[in-house]
Amino acid sequence: MHEYSLVEALISRVEAEARRRQALGVHGLSVRIGELAGVDPELFQTAYDTFRAGTLCAAAPLTLRFVPASWSCPRCATPIPRGEVLRCQACQEPARLDEGSDALTLDGIDLEVP
């Protein structure tokens, strides 16, 4: 249920950006959700549809992109296949979770500016 508070913060952030740029409207948002972000994409979409009414985002569709979790070696950047031991076979370094795998990221805001 924390998706509702995340969406509330997202809309506040978008409205602040729209005001800062003196935008006339918001025409779309895009967000990436990492597999390990702990966010349910379907619930996030439902929360967005609920909270956007009466805001600058009321007519703005939300585009969600799911980012699968992936790991790689921090030394040689070799990808570690899913389901394998999280250690590089060549370097013996513990694997590093790749960027975006556990993140919730606002990718873009489509604003109408004068």
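Leaving aside its neighbours within four places in sequence, with which residues is Phe44 in contact? In this predicted model, the partners of Phe44 are Glu3, Leu6, Val7, Leu10, Val31, Ile33, Val39, Leu62, Leu64 and Leu104.

The helix around this residue may be considered next. Helix α2 spans residues 41-51, and Phe44, Ala47 and Tyr48 are buried in it. These residues lie on the same side of α2, because they cover an arc of only 100 degrees around the axis. The buried residues of α2 pack against the helix α1 (2-20) and against the strands β1 (25-34), β2 (62-67) and β6 (104-112). At the N-terminal end of α2, Asp40 acts as a cap: one of its side-chain oxygens lies 2.9 Å from the backbone nitrogen of Glu42.

Phe44 and Tyr48 also belong to the largest nonpolar core, which has 18 residues. Together with Val26, Leu29 and Cys57, they are the residues with the most contacts inside this core. Two or more residues are given to the core by each of α1, β1 and α2; the largest share, five residues, comes from α1. A second, separate core of five residues includes Trp71, Cys73, Ile80 and Cys88. In soluble globular proteins, nonpolar side chains tend to be buried together.

The structure also contains an open sheet of three strands, in the order β4-β3-β5, with antiparallel pairing. Its edge strands, β4 (79-80) and β5 (96-97), each pair on one side only. Strand β3, residues 71-72, is joined to the antiparallel β4 by two bridges. Within this arrangement, Ser72 stands opposite Pro79 in β4.

Terms used. Residues numbered from 1 in each chain as written. Predicted model: local features only at pLDDT ≥ 70, side-chain atom pairs only at ≥ 80, totals over all residues. Heavy atoms only, no water. Buried < 20%, exposed > 50% of the residue type's maximum accessible area, 1.4 Å probe, protein only. Helix = DSSP H or I, 4+ residues; strand = E, 2+ residues; numbered from the N terminus. Arc of directions from axis to C-beta. Contact = heavy atoms within 4.5 Å. Polar contact = N/O pair within 3.5 Å; in protein donor to acceptor, adjacent residues only side chain to side chain. Core = buried A, V, L, I, M, F, W, Y, C linked by side-chain atoms within 4.5 Å. Pairing = 2+ DSSP bridges.
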